[in-house]
Amino acid sequence: MTSYQQMLCILQYHRVSSFTETCVDLGVFDHLAAGPLPVSELAKLTGTHQRALHRCLRGLAHFELFTKEEESIFSLTNVSRQLTLESEFSLKPWHKLHRAITPQDAKECESLEQLLRTGKSIIQIKHNCLFYDYLREHQDIAAYFDKAMESASQMEVQDILQEFDFSASEHLTEIAGGNGALISGVLQKNENMEGQLFDFPDVVNRIEPIPRLKTVGVDMHVSLPDIQGNAMMKRILHSYSDDKAGHILENTRHTMRSGNKLYIFELIDDDKINNPYIGVKHLQMLYVHGAPGESGGPGERTQAEFASLLSTAGFELVETQQLPSIDAVVAVCK
Ligand SMILES: C[S@@+](CC[C@H](N)C(=O)[O-])C[C@H]1O[C@@H](n2cnc3c(N)ncnc32)[C@H](O)[C@@H]1O
């Protein structure tokens, strides 16, 4: 983990604690005390939404609370066994004490319980709308979001510019490029390159003019303008279910030329390696976007999940690369 990622984990650690406490309340740990269970079975026993529970367990597994035995089968670890009644030194009384003296934390867990039971995000539960619609209605919060993305982006952009040479193509398009930090960095390095950036109209209207960059207001779920050369997207697909992410990729493929490359910059979840940053991201995604769709996402994806998503949308995954702050998935348009 980079120091930025480590600090973000510390800031977000309360999500790990709250989801863990909610799992205690729902009996998740007690039901697993007898042995491993498929998520479908555990969801029935705890009255929870299967895909929301699955994403929660995937997130908490990065903190050694669960082991993934095989696809969708989870068991306790020596750490989480301390939260069951059978444990010789059970920590359950600490959980009960904490509950009794901090009612505000109990309230947070009530909301998370609702999330895990219904699969709805906290934004849906509290404001009855989806995250990005909520931001569009609340420009003050949208401005905080832009700044937060910008801070994460600075290091990611540095790593991407250092590792990737985009000079093979005279044109480059960034889909949902936000404030344009990435594409403007690439254009600065490649003086003969022309760029395009697509995002919501209100987002592109906030971008100061950047030399050789055309900005276009779009709704990427509906359609995209023509894309010459290669394309890229950073931190986009993880906000969507496979159905919606697949639809964005299909819209992208329809306007790209066969043989051109699509660079996807996101985290790749390796479920054999505990990575608290990825664990926190899973929980954050669950919190703001709710349960994954039928086949996966929103949330961080494994390499196999990316390969299958891309192949369904008409791309072939040709390379993955780990950078210090973000990972890269490179695909070719078929
Ligand atoms: C998580 S931010 C990532 C921004 C940028 N790629 C980065 O890494 O800093 C997601 C971006 O997707 C844009 N977005 C979300 N839904 C969109 C849609 N339907 N059409 C176009 N852009 C959209 C948002 O406005 C936002 O800029």
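## A small hairpin

In this predicted model, Phe 66 has Leu 76 of strand 3 as its bridge partner. That pair belongs to a larger match: strand 2 (residues 66-70) and strand 3 run antiparallel and are held by 4 bridges. Together, strand 2 and strand 3 make a hairpin, with 2 residues between them. Look in the turn for Ser 72, which has a positive phi of about 70 degrees.

Strand 3 (residues 73-76) has another partner too: strand 1 (residues 37-38) pairs with strand 3 in the antiparallel sense, over 2 bridges. Here Pro 38 has Ile 73 as its bridge partner.

## The seven-stranded sheet

Now for another sheet. This one is open, has 7 strands with mixed pairing, and follows the order 6-5-4-7-8-10-9. At the edges sit strand 6 (213-217) and strand 9 (315-322), each of which pairs on one side only. If you ignore direction, neighbouring strands in this sheet are turned by 20 degrees against each other on average.

Zoom in on strand 4 (residues 171-175) and strand 7 (residues 230-234): they run parallel and are joined by 3 bridges. For example, Glu 174 has Met 232 in strand 7 as its bridge partner.

## Helices on the sheet

Helix 9 packs on this sheet and touches strand 7, strand 8 (261-266) and strand 9. Compare its direction with that of strand 7 and you get an angle of about 150 degrees.

Helix 14 (residues 303-312) packs on the sheet as well, touching strand 8, strand 9 and strand 10 (327-333). The direction of helix 14 makes about 150 degrees with that of strand 9.

## Around the ligand

How many residues surround the ligand? There are 19, and the closest are Ala 176, Asp 199, Asp 219, Met 220 and Lys 234. Sorted by class, the shell has 10 nonpolar, 4 polar and 5 charged residues. Helix 9 (residues 139-163) turns up again here, giving the largest share of the shell with 3 residues.

Three of those closest residues put polar atoms by nitrogen in the ligand. Ala 176 does it with a backbone N or O atom, 2.9 Å from a ligand nitrogen. Asp 219 uses its side chain instead, where an N or O atom is 2.8 Å from a nitrogen atom of the ligand. For Met 220, a polar backbone atom is 2.9 Å from a ligand nitrogen. How much of the ligand does the protein cover? On its own the ligand has 590 Å² of accessible area, and the protein covers 94% of that.

Technical notes. Residues are numbered from 1 along each chain as its sequence is written. This is a predicted model: local features need pLDDT of at least 70, side-chain atom pairs count only at pLDDT 80 or more; totals for chains, interfaces and linings use all residues. Side-chain values use heavy atoms; hydrogens and water are left out. A residue is near a molecule or strand if one of its heavy atoms lies within 4 Å of it. A polar contact is a pair of N or O atoms within 3.5 Å; within protein, one must be able to donate a hydrogen and the other to accept it, and residues adjacent in sequence count only if both atoms are side-chain atoms. Accessible areas come from the Shrake-Rupley method with a 1.4 Å probe; for residues, only the protein chains shown count as cover. Ala, Val, Leu, Ile, Met, Phe, Trp, Tyr, Cys and Pro count as nonpolar, Asp, Glu, Lys and Arg as charged, and the others, Gly among them, as polar. Two strands pair if DSSP finds at least two bridges between them. Axes are lines fitted to C-alpha atoms, for helices over the stretch in contact, and angles run from 0 to 180 degrees between N-to-C directions. Contact means heavy atoms within 4.5 Å.
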